[in-house]
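Biologist: I am new to reading models. Please show me how to read salt bridges and burial.

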Amino acid sequence: MTGMTSWTVAPEPVASPVAAALWREYYTEVSDRWYLLHEGRRTDPAELEREIAARTGADLAPPGGRLLVARYDGEPAGSAGVRLLDAATAELTRVFVRPGARGRGGGPLLVGAAEEAARALGAGRMVLDTRGDLVEARALYARCGYREGAPHNDDPYAEHWFAKDLAGEGVGGAGLLS
């Protein structure tokens, strides 16, 4: 069959230019959405630069974390981060698919790859938080088997907390099917 496209997901150094570009796009999108909803404006450029620089993603680097980058036909198209919170619990963060690649199965693929990375780090449970206005993210997590529950952190922007038991699921589990 000609014209087939494919996804790949692999670990990426948090300081790489690809990781930096995806982080900037992700943060700009979620920050602008918040400010547009709550204050009717986009993120102030100085604030955006300050926050992007302050959140380096160092906690997503080995040995206690992983940053994953999805590529669609070889081009960077999304990312997801995993970090250990304790010996048994990992947190899923920074799940992002570039707008032009959305709707092609990258989100579930990234979540599944993040679950595999969490298991490799020794975690049996994955938690995450998100905001109410990120309805697409909440729908993705529900499709991937996450259940909404009690807060696991005090992040001022978190409005919904999800968790999933990773025990008993192996490579190729439901999270990898798109």
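We now take salt bridges and then burial.

Modeller: First, the ground rules. This is a predicted model, where local features need pLDDT of at least 70, side-chain atom pairs count only at pLDDT 80 or more, and totals for chains, interfaces and linings use all residues. Residues are numbered from 1 along each chain as its sequence is written, and side-chain values use heavy atoms, with hydrogens and water left out.

Biologist: What is a salt bridge, and how many salt bridges does a search of the whole structure find?

Modeller: A salt bridge is a side-chain nitrogen of Lys or Arg within 4 Å of a carboxyl oxygen of Asp or Glu. A search of the whole structure finds 13. One of them joins Arg102 and Glu29, with the closest N and O atoms 2.7 Å apart. Arg102 sits in the loop between β4 (89–97) and α3 (106–120) and Glu29 in helix α1, so the pair ties together parts 73 residues apart in sequence. Helices (H or I, at least four residues) and strands (E, at least two) are DSSP runs, numbered from the N terminus.

Biologist: Are the partners Asp133 and Arg131 buried or exposed?

Modeller: Buried means under 20% relative accessible area, exposed over 50%, and partly exposed in between (1.4 Å probe, protein chains only). Asp133 and Arg131 are both buried. Their salt bridge has its closest N and O atoms 2.8 Å apart.

Biologist: Which class does each partner fall in for Asp32 and Arg42?

Modeller: Asp32 is buried, at 12% relative accessibility. Arg42 is exposed, at 53%. Their side chains meet in a salt bridge at 3.3 Å, N to O.
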